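Welcome, and grab your favourite viewer. Here are some exercises to work through with the model open beside you.

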2 protein chains.
Amino acid sequence: MNISILGTGIVGRSHAEKLSSLGHTIFIGTNSVEKTRTSTKSDDMGNPAYGVWAISHPEIQLVSFQEAVNASDIVINALKGEISVQILSVYDQTLIGKILIDISNPLDFSTGMPPTLFVSNTDSLGEQIQRTLPKTNVIKTFNTMSAPVQVNPKSLAHGEHTIFLCGNDLVAKNTVISLIKSYGWTHIIDLGDIRASRGMEMLLPNWLSIWQKYNTPLFNIKIVTNEIPTQY
Amino acid sequence: MNISILGTGIVGRSHAEKLSSLGHTIFIGTNSVEKTRTSTKSDDMGNPAYGVWAISHPEIQLVSFQEAVNASDIVINALKGEISVQILSVYDQTLIGKILIDISNPLDFSTGMPPTLFVSNTDSLGEQIQRTLPKTNVIKTFNTMSAPVQVNPKSLAHGEHTIFLCGNDLVAKNTVISLIKSYGWTHIIDLGDIRASRGMEMLLPNWLSIWQKYNTPLFNIKIVTNEIPTQY
């Protein structure tokens, strides 16, 4: 099917590659197609510019945000947290009735490293986005681990670790669970309605501590128990 | 050795039983010894009153907060988060040079269930306690799982799950790690100085979502990776 991704960073590209390899038609949305297409400068983390990456990914179609939102019934928000609400609000009418998979985290880098969260505890970015798009089915997921782990769960500990999701609409949630399973995920925990975004986003500070300690983002958490079934 | 525990709830009692079974001499501190000793009414969760529990635990000595803090060089804070700073500040002089193992969580039940956190993101209860007791070695640990899992890690998934700790003093941290190991823990992750309390306490909202979903507190998280050693 057609799937659109908003955001041209590593998270967006990782899902584009994965979904394309699974046979989907992928549109990546950006603010300025021309600027993104001709970019050549690597980012601060050493990741190649989109324009460089795109040369080896001719199957991925780079389009405007509006064209991306038009093209698909499933849209992935891989934008930075700080700009997510602002950009998504522009396309609220086009997004009515669609599924928005929200991967964003409310990271605030304004006071240096490690970042804090610009919304937490009594609200969340997932909830803010759902309030901004009241007629869109927002499903929060993937935000609790790094991009390589998100798209290739089997590459880490034989896939023996957990992905969470939450959202208000059960039908939309089942569609997203099918997509998640197609990535290779087996430990999938549905935490309920979109309010569970709070807990999922608040995992980030501890995730950052672990990253800092081990100097690798290639880890994840697994929920272990004697009683909970290990398969969704 | 002598170990003192502040707080007479399930967390305090669980550690008292465990540490006593390991051969330590245990003092439980309370605000009013007479009132606690003669209590007979179960709490809202159906846990027996301390006075009832104490009958089958004659080896545990119930004393005042001051006597408890006097008796040991290792003190466990198993008080409710909301009263921890207030009570600990009274004994700041006696606690100088001692180890305080902080298990408390900053849970705010004032707006109903699930609770929010009364401090998070840019500060934490662990840091507040360290600032309140600047000459005490505060080590945050055990706060990310339920009491039965804290004291009997092997009872859950053969002990294949993770406990975090953090604190500023390396010698004190090593003493606490030895104690944690004596409980049966093997997956121990030191997250650095006391600021890592933020991430550890912010795990609680997601922990509460999982508890609500599965209706059992008998679970924990395991950090999984291809690279990180599974032993401390």
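The exercises below begin with conventions and then move from the interface to single residues.

This is a predicted model, in which local features need pLDDT of at least 70 and side-chain atom pairs count only at pLDDT 80 or more, while totals for chains, interfaces and linings use all residues. Residues are numbered from 1 along each chain as its sequence is written, chains are lettered from A and ligands numbered from 1 in the order in which they are written, and side-chain values use heavy atoms, leaving out hydrogens and water.

**Exercise 1. Describe the interface of chain B and chain A.**

Step 1: Start with the residues. Chain B gives 37 residues to the contact and chain A gives 37 residues, where contact means heavy atoms within 4.5 Å.

Step 2: Turn to area. About 3200 Å² is buried between chain B and chain A, with 62% of it on carbon and sulfur atoms; buried area is the accessible area (1.4 Å probe) that two parts lose on being put together, summed over both.

Step 3: Look for polar links. Between chain B and chain A there are 13 residue pairs in polar contact, both residues being at pLDDT 80 or more. A polar contact is a pair of N or O atoms within 3.5 Å; within protein, one must be able to donate a hydrogen and the other to accept it, and residues adjacent in sequence count only if both atoms are side-chain atoms.

Step 4: Find the main contributor. On the side of chain B that touches chain A, β11(B) provides the largest share, seven residues. Helices (H or I, at least four residues) and strands (E, at least two) are DSSP runs, numbered from the N terminus.

**Exercise 2. Find how strands pair, across the chains and within chain B.**

Step 1: Go across the chains. Strand β11 (residues 219-225) of chain A runs antiparallel to β11(B), and seven bridges join them; two strands pair if DSSP finds at least two bridges between them.

Step 2: Pick one pair. A:Asn220 has B:Val224 as its bridge partner in β11(B).

Step 3: Stay within chain B. There, strand β1 (residues 2-6) and β2(B) are paired in the parallel sense through five bridges, and B:Ile3 has its bridge partner in β2(B) at B:Ile26.

Step 4: Check the cover. In strand β2 (residues 25-30) of chain B, five of the six residues are buried, that is, under 20% relative accessible area, with exposed over 50% and partly exposed in between (1.4 Å probe, protein chains only).

**Exercise 3. Place B:Thr162 in its surroundings.**

Step 1: Locate B:Thr162 in strand β9 (residues 162-167) of chain B.

Step 2: Classify the residue. B:Thr162 counts as buried because its relative accessible area is 1%.

Step 3: Find a polar partner. A polar atom of the B:Thr162 side chain lies 3.0 Å from the backbone nitrogen of B:Ile223.

Step 4: List some neighbours. Not counting residues up to four places away in sequence, B:Thr162 touches several residues, including B:Met145, B:Trp185 and B:His187.

**Exercise 4. Inspect the backbone for special angles.**

Step 1: Recall the background. Most residues other than glycine have a negative phi, and most peptide bonds are trans.

Step 2: Check omega. The bond from A:Met113 to A:Pro114 is cis, with omega near -10°, and a cis peptide bond also joins B:Met113 and B:Pro114, with omega about -10°.

Step 3: Check phi. A:Phe142 has a positive phi near 70°, and A:Asn215 has a positive phi near 60°.

Step 4: Buried or exposed, what is A:Asn215? A:Asn215 counts as exposed because its relative accessibility is 67%.
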